[in-house]
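Visitor: I have a few short questions about this one. Can we go through them with the structure open?

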Amino acid sequence: MSQRPLSPHLQIWRWGPHMLVSILHRVCGDGMALVGLAVLVWWLGALASGPDAYETFLWAAASPLGYVVLVGLTWAFFTHMMSGLRHFVLDIGAGYELDTNRFWSIASPIIAIVLTVALWGYLLFVKGA
């Protein structure tokens with residue numbers, strides 16, 4: 001038994017940006033599935049229930065907590081999308097060089113934040129005006 005190799009775990013691996021992107025990809029996917037589904041079902045139910053129910057939904061969505069949830073879902077979407085694009089490039093066999101992989105591991109969440117800010121800036125300041 002003493003000749004068997006150890007299984008890798010967090011005490012052996014050095015923390016890196018690729019690990020953060022991988023964890024964020026999973027968390028964002030789960031968050032969109034759970035929270036996003038709840039918001040979608042509430043929105044569809046409000047649409048089907050009439051003007052009063054829809055007004056209640058719009059009031060909740062426009063509240064500070066509603067904006068936190070909607071901005072969070074938007075950030076989760078863009079984070080998941082950028083990580084998925086990164087994985088797509090890796091799946092076709094490109095981007096395995098250490099510097100390239102590290103660069104895109106760092107850039108993916110930053111691009112997601114920029115896209116989230118850009119979308120909400122457009123929605124609030126351009127479309128809202």
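Visitor: Which residues make the nonpolar surface patch?

Guide: This is a predicted model. In it, Tyr67, Val71, Leu119, Tyr122, Leu123, Leu124, Phe125 and Val126 form a nonpolar surface patch of about 710 Å².

Visitor: Which elements give two or more residues to it?

Guide: Those are α3 (64-91) and α4 (98-127). Helix α4 supplies the largest share, six residues.

Visitor: Take Leu119. Where is it, and why is it called partly exposed?

Guide: Leu119 sits in helix α4. Its relative accessible area is 32%, so it falls between the 20% limit for buried and the 50% limit for exposed.

Visitor: And Thr74, buried or exposed?

Guide: Thr74, in helix α3, counts as buried because its relative accessibility is 13%, and the cut-off is under 20%.

Visitor: What does Thr74 touch?

Guide: Leaving out residues up to four places away in sequence, Thr74 touches Thr116, Leu119 and Trp120. Leu119 is also one of the patch residues.

Visitor: Change of topic. At what angle do α1 and α2 pack?

Guide: About 145 degrees, with the axes of α1 (residues 17-49) and α2 (residues 51-61) 7 Å apart.

Visitor: Which residues meet there?

Guide: From α1, Val39, Trp42, Trp43, Ala46, Leu47 and Ser49. From α2, they meet Ala53, Tyr54, Phe57 and Ala60.

Visitor: How many of them are nonpolar, polar or charged?

Guide: The contact of α1 with α2 has nine nonpolar residues, one polar residue and no charged ones. The polar one is Ser49.

Definitions and conventions
Residues numbered from 1 in each chain as written. Predicted model: local features only at pLDDT ≥ 70, side-chain atom pairs only at ≥ 80, totals over all residues. Heavy atoms only, no water. Axes fitted to C-alpha atoms, helices over the stretch in contact; angles between N-to-C directions. Helix = DSSP H or I, 4+ residues; strand = E, 2+ residues; numbered from the N terminus. Contact = heavy atoms within 4.5 Å. Patch = residues over 30% accessible without salt bridge, like charges linked within 9 Å, V, L, I, M, F, W, Y side chains within 5 Å. Areas by Shrake-Rupley, 256 points an atom, 1.4 Å probe, with all protein chains shown as cover. Salt bridge = Lys/Arg side-chain N within 4 Å of Asp/Glu carboxyl O. Buried < 20%, exposed > 50% of the residue type's maximum accessible area, 1.4 Å probe, protein only.
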